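Open the model in your viewer and keep the selection tool handy. We will go from stop to stop, and at each one you will hear what to pick and what is there.

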Amino acid sequence: MSAASGASAPRNRLAVAGARSTTEAMLRNQPRGDVIRNAIFAGLLLLAVCIALAGLLALLIQAFAKGSSALTLDLITNPPSTAFPDKAGYRPAIIGSLQLIAGVMLFVVPVGIGAAIYLEEYADGSRWWNRLIEINIQNLAAVPSIIYGILGLAFIVRGPMDLGFILAAGSLTLALLVLPMVIIASREALRAVPDSIRQGSLALGATQWQTIRTQVLPASVPGIATGVILAVSRAIGETAPLLLVGATVFVTFDPTPFGSDGYSAMPVQIFNYALRPQEEFQALAAAGIIVMLVVLLAMNSFAIWLRNRYEQRW
Amino acid sequence: MLTEQAPKIEVRPEFQSSAPEAAREKVFELRDIEVLYSGVSAVKGISMEIGRNEVTAMIGPSGCGKSTLLRCLNRMNDLIPTAEVKGELLYHGEDLYGSGVDPVQVRKLIGMVFQKPNPFPKSIYDNVAFGPRILGRKEGLDEVVEKALRGAALWHEVKDRLKDNAFGLSGGQQQRLCIARCIAVKPDVILMDEPCSALDPISTGKIEDLMIELKNQFSIVIVTHNMQQAARVSDRTAFLMTELDATEHTRWGRLVEYDVTQQIFTNPSDKRTEDYVSGKVG
């Protein structure tokens, strides 16, 4: 061994020198093409971010420029009026929207969480019908909202349920629209609870329901709440399905859940004001947009805060 | 009935339990047990008897089905939809897999401690009180919790912070909390699935001492990778090994030898056991 290494020593030295110079070359001379390509790519990515933000920014600036003059307390407390645009407001629409969301929550929280618990905790995922249900819930989340409007019109307003054009029918339609979102978000929250917690509970002699009620659900509440808030904030902004199930565009009185005189909602009322040519109504529409944006941003921020603050780390 | 056992653990436990076979009270009797997942055997032909107030260790190489077998004993395998148990498994003479036996009731009597400490995301107190609460034993909860924590040699470390979240405890403390949680239910048997594999040597030592202490009240079955641990804590040791069929395509676990621990480690009757415990294979 030693003889062989002695004979090969000069060759070794040569090889080491060669390797070193190659390494040096590789470390120093990054090809110019790579540098430029890197810069271009980073620039394109930054542009994508800017485009996404520019939309929101433009909307905010435009809404503020146009609507700041109409941002008064009257906006919230006064009913709409065609005769006095300077006194007109969103009162019935705001009350309508609040009642709509309350109805959505009433329906979507128990049904959505229940469905999620079934799919996540009870259903045997290896069975084809459970997989079919799963795929269809994913599909439902992608169905355009106008189609839910037609569904609501055919099955809730008329047809089997025959509720008529009342606010509760609008609530149910919106609830159906956001239900898949709630189910998907709740399932993810339930799935985030590690199996070791379920096993630990079951090994103490807890039933499956006790395990879900006392361990799995409490640990997933923040995630589920986040999902519900995001779903509800989507429901607030929906206009198309409401137009089909009877949200009349011009309501000057406070709506009630089951009153058949009609109801309105924020986005519907904004749409109505925006359609009018007069400057004052344009300002009203812009002010309405500001109110809605503030509410939506607040809700989404609250959802994010909730998730960050209370999410269980395992 | 256990008062004649020395409270001090000076004597190696295996010397205490070399009682004549007939005098041993049996907790489990396994007769030709086979566990299958989706129709494929994981363990096959297991027949053994597990004695009361003994620590029974199961050792063997990875994948030999020790944990699978352990999970049969409190019907945790029922949670896997594709699992199937064949053969006869008697618990105090009662068929554990007989019709009308409720796995939930089984698990109240036969508790389990897992490989990775799995405290609930609640306070230390609520972790221990969880079992009694779901069983509806709400009276004297404070005493039950204290007794369980003392039983798990954790009381002095946590008595001033019972309301703190259990996640703040160290790994070893968490595992002892899981043991406390288990004994608060007052089970008959405690199954331990590699309870020390995620712990440092000091924590491991504490839990081993605890096992020897606890066997006065409970029967313990422990799965371990650590042969020294089996030698230190157990009265009897079962050695399992993987067996291949003639075509070498399917494999399953088989019980090679089951005897008094000292016998297994000093004078095993099977060549394969000798090779394994002396470190030649596995």
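Start by selecting S38(B). Is this residue buried or exposed? S38(B) is exposed, because it has 10 other C-beta atoms within 10 Å, and a count of 12 or fewer is what earns that label. Colour the neighbouring strands and you will see that S38(B) sits in the loop between β1 (26-37) and β2 (40-51) of chain B. Now check its backbone: phi is positive, about 50 degrees, although S38(B) is not a glycine. Most residues other than glycine have a negative phi. Bear in mind as you look that this is a predicted model.

Next, select H92(B). Here, too, phi is positive, at about 50 degrees, and the residue is not a glycine. Look for H92(B) in the loop between β4 (83-91) and β5 (94-95) of chain B. H92(B) counts as partly exposed because it has 14 C-beta neighbours inside 10 Å.

**Into strand β10**

Now pick L255(B), which belongs to strand β10 (residues 251-260) of chain B. This residue is buried, because 22 other C-beta atoms lie within 10 Å, and the label needs 20 or more. Which residues does L255(B) contact, leaving aside its neighbours within four places in sequence? Show I46(B), M48(B), A238(B) and L240(B) to see them. Then add C64(B) and draw a C-alpha to C-alpha distance: C64(B) and L255(B) are 191 residues apart in sequence but 9.1 Å apart in space.

**The nonpolar cores**

Time for a wider view. The largest nonpolar core has 85 residues, and those touching the most other members are A148(B), A180(B), I190(B), L191(B), I220(B) and I222(B). Helix α7 (residues 171-183) of chain B provides the largest share of this core, with six residues. Apart from it there is another core, of 66 residues, which includes I101(A), L179(A), A247(A) and Y263(A). In soluble globular proteins, nonpolar side chains tend to be buried together.

Zoom in on I220(B). Not counting residues up to four places away in sequence, I220(B) touches V55(B), I190(B), M192(B), M211(B), L214(B) and K215(B).

**Two helices with a buried side**

Select helix α5 (residues 141-151) of chain B. Its buried residues are V144(B), V145(B), A148(B), L149(B) and G151(B). Turn the view to look down the axis: these residues cover an arc of only 160 degrees, which means that they are on the same side of α5(B). The other side of the helix has D142(B) and E143(B), which are exposed. What do the buried residues of α5(B) pack against? Display α4 (124-134), α6 (155-158) and α7 of chain B, and you have the partners. Before leaving, click on A153(B), just after α5(B), where phi is positive at about 55 degrees.

Move on to helix α8 (residues 201-214) of chain B. From its first C-alpha to its last, this helix of 14 residues reaches 20 Å, close to the 20 Å expected at 1.5 Å a residue. Highlight I207(B), E208(B), L210(B), M211(B) and L214(B), the buried residues of α8(B). Seen down the axis, they fall within an arc of 160 degrees, so they line one face of the helix. The face turned away from that buried side carries P201(B) and I202(B), which are exposed. To see what the buried residues of α8(B) pack against, show β3 (55-59), α7, β7 (189-193), β8 (219-223) and α9 (227-233) of chain B.

**Between the chains**

Bring both chains into view. How many residues of chain A are in contact with chain B? There are 17, and they meet 21 residues of chain B. On the chain A side, α9 (195-203) and α10 (208-237) each supply at least two residues, and α9(A) gives the most, with six. By class, the chain A side divides into six nonpolar, 10 polar and one charged.

**Last stop: the domains of chain A**

Colour chain A by domain: domain 1 is 1-25, domain 2 is 31-69 and domain 3 is 71-310. The C-alpha centres of domain 2 and domain 3 of chain A are 31 Å apart. Seven residues of domain 2 of chain A are in contact with eight residues of domain 3 of chain A. The domain 2 side of this contact has three nonpolar, three polar and one charged residues.

Key. Residues numbered from 1 in each chain as written. Chains lettered and ligands numbered in written order. Predicted model: local features only at pLDDT ≥ 70, side-chain atom pairs only at ≥ 80, totals over all residues. Helix = DSSP H or I, 4+ residues; strand = E, 2+ residues; numbered from the N terminus. Contact = placed C-beta atoms within 7 Å. Core = buried A, V, L, I, M, F, W, Y, C linked by C-beta atoms within 7 Å. Expected span 1.5 Å × (residues − 1). Arc of directions from axis to C-beta. Domains from an automatic or database assignment. Nonpolar A, V, L, I, M, F, W, Y, C, P; charged D, E, K, R; others polar.
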